[in-house]
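Welcome, and please open your viewer in cartoon mode. We will take a short walk through the model, one selection at a time.

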Amino acid sequence: METDASEAIAVTRFREYIRINTSHPDPDYDGARRFYEKYAAELGLTFTSVQLTPNRTMEILTWTGSDVTLPSVMLYCHTDVVPSFPDHWKYPPLSAHKDEQGDIYGRGTQDMKCVGIQYLEAIRELKQQGTQLPRTFHVVFGPDEEIGGVHGMTTFVRTEEFRKLNIGFALDEGLASSEEHFRVFYAERNVWWLEVTCHGNPGHGSAFLANTAAEKLRRVINSFLEHRQQQQQRLASDPSLSAGDVTSINLTIMKGGVQYNVVPESFSAGFDIRIPPTESLEDFDKMLEEWRIEAGSDVTYTYHHKTNSTSEHITPTDDSNPWWIKFSRACQSTGITIRKEIFPAGTDGRQLRLLGLPVLGFSPINNTPILLHDHNEYLNEAVFLRGVSIYKQILRELGSP
């Protein structure tokens with residue numbers, strides 16, 4: 001593995017990891033697996049690779065505790081990152097370029113390669129200090145989170161290998177904060193990807209035809225976007241709310257038509273809907289069905305993705321949850337302020353919460369623009385290294401009985 005005497009080894013490993021191209025649509029998972037295996041050997045951790053499908057594996061780097069009967073902690077990081085468009089970047093997105101201010105540019109610097117390295121470097125420093133914690137930690141790297149995790153975490157939680165880990169609590173990704181506080185996520189919104197198809201009378205483009213697909217689609221779009229506006233106004237009018245507390249709806253795909261002078265038989269539209277677990281999914285389903293009926297006959301819904309997290313799948317953030325007590329105490333001891341939120345998008349942590357496991361999403365990044373999935377994604381070296389120190393304290397707390 002690389003060495004660079006001019007910078008902290010944690011930063012060198014971080015930059016090395018960024019340079020592994022795990023971008024969709026063809027992530028270099030083999031390259032990442034080799035990196036993890038060497039890293040495990042370097043830190044004296046046990047390395048395990050679990051085959052999920054012929055082309056997908058889950059990598060586990062284990063720091064065994066002194067009391068293996070205790071429930072373990074999963075420190076989770078997804079390996080894959082979203083595509084980049086190099087023409088829009090200041091520096092090549094896989095270069096891990098570090099500028100004079102210490103800003104490290106690269107796809108995955110925030111989402112979420114930083115967190116995986118921070119876990120491991122926190123373990124390195126603890127081990128160098130001779131620390132032996134009672135509880136076992138599993139640093140787990142998984143595939144395909146950015147495309148739904150069907151062949152990643154969704155498959156992994158059904159395996160015997162997962163059951164044997166004896167997970168009691170997990171940490172997953174969070175989001176950067178542009179302010180001084182840090183954000184911690186105790187739940188996430190449901191992701192519904194819905195395709196609406198409207199059928200109607202076809203004919204010549206010059207005629208006033210009745211019952212067309214376009215008229216029905218207009219009614220559908222109006223219903224969806226009116227609700228979107230209501231939710232947007234609700235968020236703007238209440239400072240106590242964050243994006244995760246309201247429902248977002250975005251029209252993302254439109255399909256239909258054959259040529260300019262032909263009224264087609266059908267049109268379809270795709271919507272990305274994100275619903276808080278605090279909302280009634282049954283009531284939302286009923287509302288969608290009312291919109292479908294109001295649009296007219298021969299209007300159908302097809303779900304391409306639909307999660308069903310409810311209030312039962314929210315991780316408690318009070319004294320009823322001993323894991324929350326440990327996590328918040330660790331944050332307090334490092335002098336940082338945390339703000340509790342519902343994650344506005346989706347993470348692999350939802351699969352663990354559905355099993356009843358407590359999960360917190362946390363990326364120790366503050367005073368930083370939120371650039372996940374954006375051009376010129378970067379993370380400052382000093383912010384990254386502070387995150388390693390924060391995780392050291394978190395692991396000390398979580399590792400105790």
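On this tour, contact means heavy atoms within 4.5 Å. Please keep in mind that the model is predicted.

**Stop one: an enclosed helix.** Select residues 9–18, which make up helix 1. Why is this helix described as largely enclosed by the rest of the structure? Nine of its ten residues are buried, so the surroundings largely enclose it; buried here means under 20% relative accessible area. Now show the side chains of the buried residues: Ala 10, Val 11, Thr 12, Arg 13, Phe 14, Arg 15, Glu 16, Tyr 17 and Ile 18.

Next, colour what covers them. The cover includes helix 2 (29–43), helix 3 (113–128) and helix 10 (381–398). Strand 4 (103–105), strand 5 (137–142) and strand 16 (378–380) are also among the covering elements.

**Stop two: an open sheet.** Move on to the four strands that lie in the order 10-12-8-13, with antiparallel pairing. At the edges you will find strand 10 (248–256) and strand 13 (299–306), each pairing on one side only. On average, neighbouring strands here are turned by 20° against each other, direction ignored.

Zoom in on strand 10 and strand 12 (residues 266–275), which are joined in the antiparallel sense over eight bridges. Label Gly 256 and look across to Phe 267 in strand 12, which stands opposite.

**Stop three: helices on the sheet.** Select helix 6 (residues 213–237), which packs on the sheet and touches strand 8 (190–199), strand 10, strand 12 and strand 13. The direction of helix 6 makes about 15° with that of strand 12. Finally, add helix 7 (residues 281–295): helix 7 lies across strand 8, strand 10, strand 12 and strand 13, and runs at about 150° to strand 13.

Technical notes. Residues numbered from 1 in each chain as written. Predicted model: local features only at pLDDT ≥ 70, side-chain atom pairs only at ≥ 80, totals over all residues. Heavy atoms only, no water. Buried < 20%, exposed > 50% of the residue type's maximum accessible area, 1.4 Å probe, protein only. Helix = DSSP H or I, 4+ residues; strand = E, 2+ residues; numbered from the N terminus. Pairing = 2+ DSSP bridges. Axes fitted to C-alpha atoms, helices over the stretch in contact; angles between N-to-C directions.
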